[in-house]
Amino acid sequence: MEVIQSFTIDHTHLKPGIYVSRKDKGFTTFDLRITEPNKEPAVSPAAMHSLEHLMATWFRNSKVKEDVVYVGPMGCLTGMYIVMTGIYTVEDMRKLTIDCLNWILKQKEVPATTAETCGNYLLHDLPMCKWESKRYLNRLKKDFHSKYTKLKITLSDGKTFADA
Ligand SMILES: [Zn+2]
């Protein structure tokens, strides 16, 4: 099995921000990195689940809704993936995410939190979701990062994976 692209990123130098995780088949996968991996506490499962519901709701109702393919959390709970069709830059996504987070801060409930509409409807935490949203919002405005540091992984055929 080959090392997949997202595992070639040097996570020890990854700051909160927005990165292009990959571009393929007309899709761009954006890495919305909310916390600093392995240095700060990851987002709690309940807060991340609420963030997923809220971000997906906002993006799928936004002016770019036709181009939103997928919104979902990373298993490591340090960020969210958003897959888009069409041409979007990191700066486009930064502006959209800032609008999204401002909207989240005004919400009084998490959408679709019933047993019928969610696979784990008790696993939600709106206050903590808002706390994470506010901190991420400030980071997107004042301390923005968008350039990955790649790990140099040498494959068995001698090629390096750094520019995969
Ligand atoms: Zn859910």
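Two residues are taken to be in contact if their C-beta atoms, placed from the backbone, lie within 7 Å. In this predicted model, helix α1 lies across strands β3 and β4, and α1 runs at about 165 degrees to β3. Helix α2 also packs on the sheet, where α2 touches β1 and β2. The direction of α2 makes about 130 degrees with that of β1.

The sheet on which these helices rest is open and has four strands, in the order β1-β2-β4-β3, with antiparallel pairing. Strands β1 and β3 stand at the edges, each with a single partner strand, so one side of each has no neighbour in the sheet. From one strand to the next, the twist averages 20 degrees.

The pairings can be followed across the sheet from β1. Seven bridges link β1 and β2 in the antiparallel sense, and Y19 stands opposite D31 of β2. Strand β2 is in turn joined to β4 by seven bridges, again with the two strands running antiparallel. Here F30 stands opposite I82 in β4. On the other side of the pairing order, β3 and β4 run antiparallel and are joined by five bridges. Within β4, I82 is the bridge partner of V71, while Y81 stands opposite G72. The hairpin formed by β3 and β4 has five residues between the strands, and in this hairpin L77 takes a positive phi near 65 degrees.

Residue I82 of strand β4 deserves closer attention. Is I82 buried or exposed? A residue is counted as buried if 20 or more other C-beta atoms lie within 10 Å of its own. I82 has 26 other C-beta atoms within 10 Å and is therefore buried. When residues up to four places away in sequence are not counted, I82 touches F30, L32, F59 and V71. Two of these names recur from the pairings above: F30 stands opposite I82, and V71 has I82 as its bridge partner. The C-alpha atoms of I82 and L126, which are 44 residues apart along the chain, are separated by 21 Å.

Helix α2 may be considered next, beginning with its length. At 1.5 Å a residue, its 15 residues should span 21 Å, and the end C-alpha atoms are 20 Å apart, in agreement with that expectation. Which residues of α2 are buried? They are M93, L96, T97, C100, L101 and I104. Seen down the axis of α2, the buried residues fall within an arc of 135 degrees, and therefore line one face of the helix. The face turned away from this buried side carries the exposed residues E91 and K95. The buried residues of α2 pack against β1, β2, α1 and α3.

One of the buried residues of α2 is I104, which has 24 other C-beta atoms within 10 Å and so counts as buried. Leaving aside neighbours within four places in sequence, I104 is in contact with L54, K130 and S133. The C-alpha atoms of I104 and M55 are separated by 7.8 Å, although the two residues are 49 residues apart along the chain. Seen from the other partner, and with the same exclusion of sequence neighbours, L54 is in contact with I104, Q107, V110 and C129.

These residues lead to the nonpolar core. In soluble globular proteins, nonpolar side chains tend to be buried together. The largest nonpolar core of this model has 28 residues, and L51, L54, M55, F59, M80, I82 and C100 touch the most other members. Two or more residues are given to this core by each of β1 (17-24), β2 (27-33), α1 (45-59), β3 (68-73), β4 (79-85), α2 (90-104) and α3 (126-142). Which element gives the most? It is α1, with seven residues.

The parts of the description thus meet in this core. I82, which stands opposite F30 in the sheet, is among the core residues that touch the most other members. C100 belongs to the buried residues of α2 and is likewise among those core residues. L54, in contact with I104, is another of them.

Notes:
Residues numbered from 1 in each chain as written. Predicted model: local features only at pLDDT ≥ 70, side-chain atom pairs only at ≥ 80, totals over all residues. Core = buried A, V, L, I, M, F, W, Y, C linked by C-beta atoms within 7 Å. Buried ≥ 20, exposed ≤ 12 C-beta atoms within 10 Å, placed from the backbone. Pairing = 2+ DSSP bridges. Expected span 1.5 Å × (residues − 1). Arc of directions from axis to C-beta. Axes fitted to C-alpha atoms, helices over the stretch in contact; angles between N-to-C directions.
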